[in-house]
Amino acid sequence: MLGKRSNKNMTTEKSAVFIIFGGSGDLAHRKLYPAMYNLYKSGVLKDHFAVIGTARRPWSDDYYRSTVVDSLEDVDDDEKAMTEFSKHFFYQSHDVTDSDHYIALKNLAAKLDDQFDTGHNRIYYMAIAPRFFGTVAEHINSEGLKTDGYNRLVIEKPFGRSFDSACDLNSSLTKTFSESEIYRMDHYLGKFMVQQLTDIRMKNKTFEKALDHKYVSNMQITLSESLGVEDRGGYYETAGVLRDMIQNHIMQIIGAVAMDEPAKLDSDSIHEVKRAVFANLKDLTPEEVDQNFVRGQYGEDATGKLKAYREEDNVDANSNIETFVAGKVTMSNERWDGVPFYVRSGKRMPAKSSRIDVVFNDKVEELGIKPNTTVTFLIEPENGSSILVNGIDYQSANQDFIKFPEDSHYFDNEREAYESLMIDILDGDQIHFTLWDELQNTWKYVDVIRQQWDNETPDFPNYMSKTIGPDAASELLEKDGNTWVWDA
Ligand SMILES: NC(=O)c1ccc[n+]([C@@H]2O[C@H](COP(=O)([O-])OP(=O)(O)OC[C@H]3O[C@@H](n4cnc5c(N)ncnc54)[C@H](OP(=O)(O)O)[C@@H]3O)[C@@H](O)[C@H]2O)c1
């Protein structure tokens, strides 16, 4: 079927015991339990799975199950199914720094293995603060939690704060888990449109041919958010947009849009071509950081009702953390020689929008595409249902270089990012996860920017809340004779 996400094992039942470190937390309740419930409803999780939620607070199984059901409030109203689903959940009070607690965890997992006949398969999910990732992995090893089934470690961002700290973290994880057992989440790689990009490119040969320096004027990747830091000021003070969005999500989207055609549509082949993209990122000098990257921090909005970043809870009143980044990334390979990849991400922008704009030049007419055409892939908030050609839906655009003739239901049945990534984990497929060698290159790239910025004091705040970001972000493109396609 053209372009459809591979339907491999989409409804075949899987077996595993999940151990969720941070099972009482926000991520688990907002993302993991709803995703698992949808997999339960579609039969991917059925009789042979169990979930152990662990955290320090002393919850009972019953109370934990009631929180799981509560987390499904907006997902379904089938109370019977939700109650049946919650019977697979068990709570173990556990401090991740205490070795004895891992023994209790191991015994409970073994018991549930027998009870639910899960084939000794284990998924260890780190829904916990990053400072604990290494500790948990090391205890899984030292207390002998790994089994003779499969053992997969799922790790949330952030994966380190720099190249060096990412190396330290990786070393501590790989004492227990091999690279093929580690699933580094980047939820943008679970988003429908990002997953479809490869298929869309491979099935539309003219479009694929046009993705080349001969025909592309520039690429633009925007991940804007309308919210501020909300209650995550403490975390944000240690991160900033550069680490929180550019190093991972934006870089992975560059990988998906810039990679060469893979030999096959499987994990090894796709990572092989993606890896080459990150290896080809053109190194930046400190001067180039100043010329090609812009940082910003939001102030109040025009009405004074929205707080400036520096007034947010748990934020330093003189904070120099950036809430906005725009930049020009270039590559040293022939395909993308001289093509700017403009990237942009910020908080408190006018709207939430995640999009890729491919701006062609006039030579693209050689391929039968109208000169200066722009193709936009909308990742959010439309949840993946839209491709625009010059701002209108591709089906109405009267250009046929992108089409899906065999499948008019192309966009039906798309799964939420966490659901789709959970299936990959259960299948042992790393296709939509970040590999260690990719991360090393993206950290090295971003570290140069961070170091240069840490040497200079910015003049913050420099954009008002609910605006498109600092003027310098527009000037960055104007210097090259270009403009942002999305101007909210
Ligand atoms: N929330 C999101 O949308 C989101 C998005 C992307 C990535 N992440 C990442 O996901 C992870 C979890 O984030 P979150 O927002 O869910 O955090 P959270 O709501 O603060 O949850 C943290 C969890 O860790 C438990 N915990 C804390 N200290 C512990 C200890 N010493 N031993 C055992 N358990 C402990 C907490 O329960 P107790 O206090 O009872 O121990 C709680 O269940 C973080 O790495 C975060 O960066 C989160």
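Begin by selecting helix H1 (residues 26–41), which contributes the largest share of the shell around the ligand, namely 3 residues. Keep in mind throughout that the model is predicted.

Next, display the ligand together with its surroundings: of the 20 residues around the ligand, those that come nearest are Ser-24, Arg-30, Arg-56, Arg-57 and Ile-128. If you colour this shell by residue class, you will find 9 nonpolar, 4 polar and 7 charged residues.

Then look at individual polar atoms beside the ligand. In the side chain of Arg-57, an N or O atom is 2.6 Å from an oxygen atom of the ligand, whereas for Lys-157 a polar backbone atom is 3.1 Å from a ligand oxygen atom. At Gly-22, a backbone N or O atom lies 3.5 Å from an oxygen atom of the ligand. On its own the ligand has 880 Å² of accessible area, and the protein covers 81% of that area.

From Lys-157, move to His-249, since Lys-157 is among the residues that His-249 touches. His-249 is the residue covered by the annotation "active site" in UniProt, where the entry is unreviewed, and it is found in helix H9 (residues 233–258). Is His-249 buried or exposed? Its relative accessible area is 1%, and because this value is under 20%, His-249 counts as buried. Leaving out residues up to four places away in sequence, His-249 touches, besides Lys-157, the residues Asp-186, His-187, Tyr-188, Leu-223 and Asp-244. Select Asp-186 from this group and show its side chain, which makes a polar contact of 2.6 Å with the side chain of His-249.

Now turn to helix H5 (residues 133–142), and highlight its buried residues, which are Phe-133, Gly-134, Val-136, Ala-137, His-139 and Ile-140. To see what covers these buried residues, add the elements that include strand E1 (14–21), helix H4 (99–116), strand E4 (122–126), strand E5 (151–155) and helix H6 (163–174). After H5 comes Gly-144, and its phi is positive, near 65°.

Gly-144 also leads to the last stop, for it is one of the residues in contact with Lys-106, whose place is in helix H4. Once neighbours within four places in sequence are left aside, the contacts of Lys-106 are Glu-143, Gly-144 and Leu-145. Lys-106 has a relative accessibility of 33% and therefore counts as partly exposed. To finish, select the C-alpha atoms of Lys-106 and Lys-203, which are 97 residues apart along the chain and separated by 47 Å.

Conventions: Residues numbered from 1 in each chain as written. Predicted model: local features only at pLDDT ≥ 70, side-chain atom pairs only at ≥ 80, totals over all residues. Heavy atoms only, no water. Buried < 20%, exposed > 50% of the residue type's maximum accessible area, 1.4 Å probe, protein only. Helix = DSSP H or I, 4+ residues; strand = E, 2+ residues; numbered from the N terminus. Contact = heavy atoms within 4.5 Å. Near = heavy atom within 4 Å. Polar contact = N/O pair within 3.5 Å; in protein donor to acceptor, adjacent residues only side chain to side chain. Areas by Shrake-Rupley, 256 points an atom, 1.4 Å probe, with all protein chains shown as cover. Nonpolar A, V, L, I, M, F, W, Y, C, P; charged D, E, K, R; others polar. UniProt positions renumbered as here; feature names shortened; annotations may be inferred.
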